[in-house]
Amino acid sequence: MFPRCVRHATSSVVLLGCLGLSGCGLMMHEMMTSSLPTFEATEKMWPALHPNEGRVVVYWPRLPAGGMSIFAPGGGAIAPVYLDDGQPISINDETFLFADLSPGRHKVEFKLAALRPRTSVSLDVKAGTYTYVKLGANQFLDSGPVVVDAETARRDLQSLKHHRKEIVPANRSGSQAR
């Protein structure tokens with residue numbers, strides 16, 4: 001028979017798996033995102049935009065079915081965003097991030113799950129302007145990121161939270177996943 005420590009470890013793994021699949025992961029996601037600042041609060045505290053840069057706001061609306069997914073059992077998906085092939089920046093569904101970039105052509109890439117390919121959108125950043133990128137993924141389809149107009153983005157962003165408590169551009173905050 002198996003030693004007691006192996007039986008307890010196995011029981012713990014099974015219990016955690018059941019909790020994750022039953023929606024407790026969604027509750028943990030909700031608890032985590034509820035403590036983050038809203039778009040409105042974040043926007044008021046943004047650092048001034050340098051005159052030689054443009055601001056790119058990347059957001060991921062709530063996944064359908066509350067994030068229930070085979071890629072994120074229990075809800076609350078987390079995925080990397082890549083700015084110009086740089087280091088990945090983690091983002092949760094129902095959150096957003098912003099980055100200040102030099103004028104010119106840039107690329108935003110998104111990868112929902114290990115077995116799915118990166119999807120990307122190219123955008124032209126202009127100094128002193130804002131560009132909004134919506135991550136268009138759900139549990140079953142990955143339409144990739146798309147550039148959206150300010151009116152659509154601001155409407156979508158009203159219910160979202162900043163991806164961290166620290167309100168600095170994601171490409172300068174040290175928030176990039178390693």
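User: Let's start with Ser 120: is it buried or exposed, or in between?

Analyst: In this predicted model, Ser 120 counts as partly exposed, at 42% relative accessibility. Its place is in strand β6.

User: What does Ser 120 touch, leaving out residues up to four places away in sequence?

Analyst: Ser 120 touches Lys 107, Val 108, Glu 109 and Pro 145. Glu 109 is also the residue that stands opposite Ser 120.

User: And how far is Ser 120 from Phe 110 in space?

Analyst: The C-alpha atoms are 6.2 Å apart, with the two positions 10 residues apart in sequence terms, that is, Ser 120 and Phe 110 are 10 residues apart.

User: Nice. Which way do the other side chains of β6 point?

Analyst: They alternate along residues 119-125. Thr 119, Val 121, Leu 123 and Val 125 point to one face and are buried. Ser 120, Ser 122 and Asp 124 point to the other face and are not buried.

User: Which sense do β5 and β6 pair in, and over how many bridges?

Analyst: Strand β5, residues 104-110, pairs with β6 in the antiparallel sense, over 7 bridges.

User: What sheet does that pair belong to?

Analyst: An open sheet of 4 strands, in the order β3-β2-β5-β6, with antiparallel pairing. β3 and β6 stand at the edges, each with a single partner strand, so one side of each has no neighbour in the sheet. From one strand to the next, the twist averages 30 degrees.

User: Remind me, what do strands of a sheet pair through?

Analyst: Backbone hydrogen bonds, and the pairing can be parallel or antiparallel.

User: OK, what about the middle of the sheet: how many bridges join β2 to β5?

Analyst: There are 3 bridges, and β2 and β5 run antiparallel. Val 81 stands opposite Phe 110 of β5 there.

User: And β2 with β3?

Analyst: β2 and β3 pair over 4 bridges, again in the antiparallel sense. Pro 80 stands opposite Ser 90 in β3. The two strands form a hairpin with 5 residues between them.

User: What is the phi of Asp 84, in that turn?

Analyst: Asp 84 has a positive phi, about 50 degrees, although the residue is not a glycine. Asp 84 sits in the loop between β2 (78-83) and β3 (89-92) and is partly exposed, with a relative accessible area of 34%.

User: What about Glu 94, what's its phi?

Analyst: Glu 94 has a positive phi too, about 75 degrees, and is likewise not a glycine. Glu 94 lies in the loop between β3 and β4 (95-101). With a relative accessible area of 16%, Glu 94 is buried, since the cut-off for buried is under 20%.

User: Switching topic: which residues touch the most other members of the largest nonpolar core?

Analyst: Val 58, Trp 60, Val 81 and Val 108 do, in a core of 21 residues. The elements giving two or more residues to this core are β1 (54-60), β2, β3, β4, β5, β6 and β7 (130-137). There is also a second, separate core of 12 residues, including Phe 96, Tyr 132, Leu 157 and Leu 160.

User: What tends to happen to nonpolar side chains in general?

Analyst: In soluble globular proteins, nonpolar side chains tend to be buried together.

User: Zooming out, how many helices and strands are there?

Analyst: The protein has 3 helices and 9 strands. From the N terminus on, the elements run α-α-β-β-β-β-β-β-β-β-α-β. Of the 178 residues, 43% count as buried.

User: How much area does the protein expose?

Analyst: About 9400 Å², of which carbon and sulfur atoms supply 61%.

User: And what share of the contacts with a separation of 6 or more comes from residues 24 or more positions apart?

Analyst: Those residues account for 69% of them.

User: Last thing, what is the mean pLDDT?

Analyst: The mean pLDDT is 74, and 63% of the residues reach 70 or more. Over residues 18-29 the pLDDT stays under 50, and the model has 21 contacts beyond four places in sequence for that stretch. Residues 66-75 are below 50 as well, with 26 contacts in the model beyond near neighbours in sequence.

Notes: Residues are numbered from 1 along each chain as its sequence is written. This is a predicted model: local features need pLDDT of at least 70, side-chain atom pairs count only at pLDDT 80 or more; totals for chains, interfaces and linings use all residues. Side-chain values use heavy atoms; hydrogens and water are left out. Buried means under 20% relative accessible area, exposed over 50%, partly exposed in between (1.4 Å probe, protein chains only). Contact means heavy atoms within 4.5 Å. Accessible areas come from the Shrake-Rupley method with a 1.4 Å probe; for residues, only the protein chains shown count as cover. Two strands pair if DSSP finds at least two bridges between them. Axes are lines fitted to C-alpha atoms, for helices over the stretch in contact, and angles run from 0 to 180 degrees between N-to-C directions. A nonpolar core is a set of buried Ala, Val, Leu, Ile, Met, Phe, Trp, Tyr and Cys residues joined through side-chain atoms within 4.5 Å. pLDDT is the predictor's confidence in each residue, from 0 to 100.
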